[in-house]
Structures are given as structure tokens and as C-alpha cells.
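Thanks for sharing this one. Here are some notes to read alongside the structure, point by point.

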Amino acid sequence: MQDHSQMFATPLDGQSWLDWVQSTTDIIGENGSVEHLGPRHAALFLKKKPQTLLVSFEAHHRIEDVSDTAHPLGWQMANALGWSHLCLASETDTWFRDNRVYAYFDRLIDEGFFDAYEQVVFYGAGACGYAACAFSVAAPGARVLALCPQATLDPRVSEWDDRFLSMRRVAFDDRYGYAPDMLDGAEHAFVLYDPEVELDAMHAALFTRPNVTKYRMRHQGPRIDSALVQMNILMRMLAQLSVGKLNTLSLSRLYRARRDYASYQFNLLKCTTRDDRHHLTKLLAEVVLSKRNSPPFHKALARAKNSLAAQASLQAEAADRG
């Protein structure tokens with residue numbers, strides 16, 4: 001059996017889809033299995049302890065955005081916590097709408113694969129977040145973390161979403177189809193999204209269910225997964241979810257990390273300057289500049305001070321005239 005420390009140290013970045021799948025096959029070796037599910041999908045299984053299984057859905061073309069070594073997300077959890085990991089990987093964003101993927105999950109159900117684990121956690125973001133919700137029905141009682149998931153791309157339901165027009169002819173009304181309904185068997189699901197991204201917020205509204213907690217992450221944009229990785233809180237969310245400790249309060253505590261996250265600070269600055277909220281811009285710039293040097297915030301602070309001074313001058317003149 002291959003040494004796990006060597007496994008997790010092997011970089012896979014810069015590889016084509018087929019080369020990447022082959023590399024994962026070589027690395028996993030006897031520690032699990034890799035199965036091709038047609039030309040665009042693969043199932044990578046890393047077997048470790050039987051307590052917790054993480055099922056992640058990941059797109060190869062985006063994997064380097066969240067992993068410098070282009071490793072599946074769950075390998076880090078397997079290394080740190082001893083979890084087993086099943087990664088459903090796609091070449092691009094496919095929403096995993098493929099009969100061979102359905103058949104693979106059917107087989108896992110028939111074999112009682114998920115029953116061997118005390119806890120099963122499903123995870124995905126965007127198109128993969130849709131899949132995490134949709135296929136969680138295969139493991140009743142699972143817990144789910146989905147970032148900016150689509151509920152469906154069926155134009156009869158979501159014709160307002162014009163971002164993925166090429167998927168309009170793909171069936172979302174057959175098996176493992178409408179993601180919110182597929183969550184009915186989950187113990188609990190968490191849907192994280194930025195309400196400022198209007199279409200993501202509209203999809204999130206469709207996930208309103210008694211066993212679904214929706215959590216707003218303003219000023220993060222559509223790539224919340226990258227932000228959570230860079231803030232070093234995504235793995236902590238999954239760990240808390242696995243033991244039933246993730247809730248609105250714990251999410252809020254973890255999300256305080258955004259205060260020191262540069263991308264969030266810039267997005268917030270854009271918002272305050274766009275809305276001419278000069279006092280808030282001044283406060284934000286002063287906080288950021290107390291921690292690090294940033295020319296954009298220096299400029300924003302100067303403009304805000306000038307605007308506040310001009311407003312004060314106009315108010316003083318008006319008072320004198322009165």
C-alpha cells in the first residue's frame with residue numbers, strides 16, 4: 001500500500017483531464033479505486049476509516065482554483081482527519097447529468113456502499129453544488145454543504161437564468177433531477193450564497209425546506225468556494241458539519257475571517273464608494289490601513305475625507321444662511 005504522506009505531496013497541477021485522472025489512479029493505487037464513467041466523468045475513491053465518508057463533486061477545469069496541487073478536496077480531509085473520500089469528477093461543468101453517473105449511484109445503493117459509514121457528507125459548489133444536493137438522495141440521512149448551487153436548469157422552472165444556455169436541452173426532469181426535492185432525505189443541508197449575485201439568490205430561494213439552512217455571504221461573488229479556501233474555513237465547516245455542530249451561529253463565527261480577507265475588503269469598498277457612503281468608506285479604509293498598506297484604500301480614504309469635508313462645508317453655509 002502506498003505511503004499516504006507521499007500521496008498527498010504529489011502535485012497534479014497543469015495536467016489535462018485524462019492525464020489527471022490517470023495520475024489519480026496511479027496515486028490512489030491499492031488505497032481505493034478509480035472508475036471512468038464515460039469520457040467526461042470519473043469516480044475516485046480513497047478508502048480510509050469507516051466512520052466518515054466525504055462525497056465531493058469537483059470539476060477538473062476549476063480544481064486548481066481551490067487546490068495549489070490540483071488535488072481533490074477530500075484528500076486534505078482524508079489526510080487530516082482520516083476520512084474516506086469519494087470524488088465525482090467532471091471534465092467541465094456538466095452538472096453530472098449523465099446516465100453513467102446515475103447508474104454508478106444506483107450500483108452504490110444496491111451494494112449498500114453508504115451504509116458502511118456512520119456519517120456521509122456531500123459537498124459541491126456551483127454546478128457541483130447542484131450535484132451534491134441531487135445525488136445526496138442516494139444516502140438518506142446524509143449532511144450536505146452546497147455553495148451557490150443551482151436548483152435546476154430546466155427552462156420551465158428557471159428560464160430567468162441565462163448563464164448556461166448550452167444546458168437548456170439537457171434533461172433536468174428525470175432521475176436525480178430537481179435538486180431541492182432530492183434533499184428531502186438528507187438530515188440537514190446548508191446552502192451558502194451571495195445575495196448580491198441575483199441569480200444565485202433566486203436559485204437559493206428554491207431550496208427553502210425545513211431541513212435546509214440558507215446562509216448569506218455578502219460581497220463574496222459567485223466563487224464562494226475559492227474565498228472559503230483562502231480564508232481557511234471551508235475544511236472547518238465540513239468538519240463541524242460531519243459532527244452535527246454546524247449551524248447559523250457557528251457559520252457566523254467562522255465567517256468573521258472575512259474581515260481580514262483582501263478580496264472581501266475590496267468588494268466592500270466598491271459597494272460603499274458606489275453608493276457614496278463616504279463615512280463608511282472612511283471607516284473601512286482606516287481599519288484596513290491599520291493592518292496593511294494598500295494604495296487603493298489610501299486613495300479611497302482621501303476621497304472620502306474630501307467628500308465629507310465638502311458636505312460639512314455645505315451644511316455650515318446652509319446653517320449660516322438660515
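Leaving out residues up to four places away in sequence, which residues does R97 touch? Please keep in mind while reading that this is a predicted model.

1. **R97 and its surroundings.** The residues that R97 touches, beyond those up to four places away in sequence, are Y102, Y130, V170, A171, F172, D174, R175, Y176 and G177. R97 itself sits in the loop that links β4 (84–90) to α5 (99–111). Its relative accessibility is 11%, so R97 counts as buried, the cut-off being under 20%. If you would like a distance to check on screen, the C-alpha atoms of R97 and A59 are separated by 13 Å, and these two residues are 38 residues apart along the chain.

2. **Y176, one of the R97 contacts.** Y176 is among the residues touched by R97, and its backbone deserves a look. Although Y176 is not a glycine, it has a positive phi of about 50°. Y176 belongs to the loop between α7 and α8 (179–182). With 7% relative accessibility, Y176 counts as buried.

3. **C148, another positive phi.** C148 is not a glycine either, yet its phi is positive, at about 50°. You will find C148 in the loop between β6 (143–147) and α7 (155–158). Is C148 buried or exposed? At a relative accessibility of 3%, C148 counts as buried.

4. **The largest nonpolar core.** As general background, nonpolar side chains in soluble globular proteins tend to be buried together. In this model, the largest nonpolar core has 49 residues, and those touching the most other members are F57, L86, L88, F105, F114, F122 and F135. Helix α6 (residues 127–135) supplies the largest share of this core, with eight residues. F57 makes a good starting point for a tour: setting aside neighbours within four places in sequence, F57 is in contact with L88, F96, F105, F122, Y123, G124, C128, A131, A132 and F135. Apart from this core lies another one, of 30 residues, and its members include M77, L192, I224 and Y264.

5. **H219.** This histidine is in the loop between β8 (212–216) and α10 (224–230). H219 has a relative accessible area of 11% and is buried. Not counting residues up to four places away in sequence, H219 touches D194, E196, Y264, N267, L268 and C271. Y264 also appears in the core of 30 residues.

6. **Helices α13 and α14.** The axes of α13 (residues 262–274) and α14 (residues 278–289) come within 9 Å and cross at roughly 160°. That angle is over 145 degrees, so α13 is roughly antiparallel to α14. The crossing of α13 past α14 is left-handed. On the α13 side the contact is made by Q265, L268, L269, T272 and T273, and on the α14 side by L280, T281, L284 and V288. Sorted by class, this contact has five nonpolar, four polar and no charged residues.

7. **Helices α4 and α11.** Here the axes of α4 (residues 73–81) and α11 (residues 234–242) come within 11 Å, crossing at roughly 65°. This crossing is right-handed. From α4, L73, Q76, M77 and L81 meet L234, M235, L238 and A239 of α11. The contact of α4 with α11 divides into seven nonpolar residues, one polar and no charged. M77, one of the α4 residues in this contact, is also among the members of the core of 30 residues.

Key
Residues numbered from 1 in each chain as written. Predicted model: local features only at pLDDT ≥ 70, side-chain atom pairs only at ≥ 80, totals over all residues. Heavy atoms only, no water. Helix = DSSP H or I, 4+ residues; strand = E, 2+ residues; numbered from the N terminus. Buried < 20%, exposed > 50% of the residue type's maximum accessible area, 1.4 Å probe, protein only. Contact = heavy atoms within 4.5 Å. Axes fitted to C-alpha atoms, helices over the stretch in contact; angles between N-to-C directions. Parallel < 35°, antiparallel > 145°, perpendicular 65-115°, else oblique. Left-handed = near helix turned anticlockwise from the far one by under 90°. Nonpolar A, V, L, I, M, F, W, Y, C, P; charged D, E, K, R; others polar. Core = buried A, V, L, I, M, F, W, Y, C linked by side-chain atoms within 4.5 Å.
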